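Q: I have a chain open here and I don't know where to begin. Can we go through it piece by piece?

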Amino acid sequence: MKKIVSMRHQVRLIIVTGCVLVLSVSSLAQANDSTVHGVARNMGQMTFMTVPGLPTCTQGSVQNGDPSKGPSIIFAKMAAGCIIPWHWHTPNEHLMIVSGVASAEMKGEKPVTLRAGGFAIMPSHHIHQFRAIKDCVLYIYSDAAFDIHYVDGQEKEIPPDEAMKAVKETAAKEMK
Ligand SMILES: [Cu+2]
């Protein structure tokens, strides 16, 4: 009996080790130069810039990957009152609130107030909007190249400038 238990334990260990290997191989495949040596940095070392197509009250700093080509992790800041009106993304978007308070609203559902530690997933093509209630800082993981498509009340795609006008924001034209 003891032998069976320890064998089970061994099998479980092998399975766990196997998963870790698969994870490290896939993360290596996505790694850019900086991640080959590992990365550890604080906010003070990050450079924040406006993101074309997003309102100018939002700034982002890419932490890993290349958002124009594939999966990425972006650290973002949003000023209180900043709103990213109704839109959808091609990638599945995973969002984690580091600090501040924000409101996430999925189309057809009640808005949810998110605080530090809060988490949200916006699946590919799922329409949502996002608003900073207080200054907030968040991580966004996109599992494919990042894009943003704004829509009107009829879910018809509209240009960023038109979407921003409706919520009195200005769309950033460049990274700065
Ligand atoms: Cu979004």
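**Starting at one residue**

A: Let's begin with Thr58, which is found in strand 2 (residues 58–65). Keep in mind that this is a predicted model.

Q: Is Thr58 buried or exposed?
A: Thr58 is buried, because 22 other C-beta atoms lie within 10 Å and the cut-off for buried is 20 or more.

Q: What does Thr58 touch, apart from residues up to four places away in sequence?
A: Its contacts are Val51, Ala76, Met78, Cys82 and Ile84.

Q: And how far apart are Thr58 and Ala172?
A: In sequence, Thr58 and Ala172 are 114 residues apart. In space, the distance is 8.9 Å, C-alpha to C-alpha.

Q: Ok, zoom out. How many helices and strands does the chain have?
A: The chain has three helices and 12 strands.

Q: What's the strand order in the open sheets?
A: One open sheet has six strands in the order 1-2-3-10-5-8, with antiparallel pairing. Its edge strands are strand 1 (49–50) and strand 8 (119–122), each of which pairs on one side only. Another open sheet, also of six strands, runs 7-6-9-4-11-12 with antiparallel pairing. There the edge strands are strand 7 (112–115) and strand 12 (157–158), and each pairs on one side only.

Q: Stay with the sheet that has strand 10. How many bridges does strand 3 make with strand 10?
A: Strand 3 (residues 72–78) and strand 10 (residues 136–142) pair over seven bridges, in the antiparallel sense. To find one on screen, look for Ser72, whose bridge partner in strand 10 is Ser142.

Q: What about strand 5 and strand 10?
A: Those two pair in the antiparallel sense over six bridges. Leu95 has Ile140 of strand 10 as its bridge partner.

Q: And how many bridges join strand 5 to strand 8?
A: Four bridges join strand 5 (residues 93–99) to strand 8, and the two run antiparallel. Met96 is bridged to Phe119 in strand 8.

Q: Where do side chains point in a strand, generally?
A: In a regular strand the side chains alternate between the two faces of the sheet.

Q: Now the other sheet. How many bridges join strand 6 to strand 9?
A: Strand 6 (residues 101–106) is joined to strand 9 (residues 128–132) by five bridges, and they run antiparallel. Ser103 has Arg131 in strand 9 as its bridge partner.

Q: Changing topic: which residues touch the most other members of the largest nonpolar core?
A: Those are Met78, Ala102, Ala132, Cys136 and Leu138, out of 21 residues in that core.

Q: Which elements supply at least two residues of this core?
A: Strand 3, strand 4 (83–88), strand 9, strand 10 and helix 3 each do.

Q: You listed Cys136. What is Cys136 in contact with, leaving aside neighbours within four places in sequence?
A: Cys136 is in contact with Met78, Ile97, Ser99, Gly100, Val101 and Ala102. Of these, Met78 and Ala102 are also among the core residues just listed. Met78 also turned up earlier as a contact of Thr58.

Q: How much of the chain is buried?
A: Buried residues make up 25% of the 176 residues.

Q: And of the contacts between residues at least 6 apart in sequence, what share joins residues at least 24 apart?
A: That share is 67%.

Q: Where is Ala171 found?
A: Ala171 is found in the segment after helix 3 (160–166).

Q: Why does Ala171 count as buried?
A: Ala171 is buried because 20 other C-beta atoms lie within 10 Å, and 20 or more is what the term requires.

Q: Which residues is Ala171 in contact with, not counting neighbours within four places?
A: Ala171 is in contact with Gly53, Pro55, Pro160, Asp161 and Met164. Take Pro55: it is 116 residues from Ala171 in sequence, yet the C-alpha to C-alpha distance is 4.3 Å.

Q: Lys168 is in the segment after helix 3 too. Is Lys168 buried or exposed?
A: Lys168 counts as exposed, because it has 9 C-beta neighbours inside 10 Å and the limit for exposed is 12 or fewer. Phi of Lys168 is near 55°, a positive value in a residue other than glycine.

Q: Where does Glu155 lie, and what is its phi?
A: Glu155 lies in the loop between strand 11 (149–151) and strand 12. Its phi is near 65°, which is positive, and the residue is not glycine. Glu155 counts as exposed, with 10 C-beta neighbours inside 10 Å.

How values were computed. Residues are numbered from 1 along each chain as its sequence is written. This is a predicted model: local features need pLDDT of at least 70, side-chain atom pairs count only at pLDDT 80 or more; totals for chains, interfaces and linings use all residues. Two residues are in contact if their C-beta atoms, placed from the backbone, lie within 7 Å. Two strands pair if DSSP finds at least two bridges between them. A nonpolar core is a set of buried Ala, Val, Leu, Ile, Met, Phe, Trp, Tyr and Cys residues joined through C-beta atoms within 7 Å.
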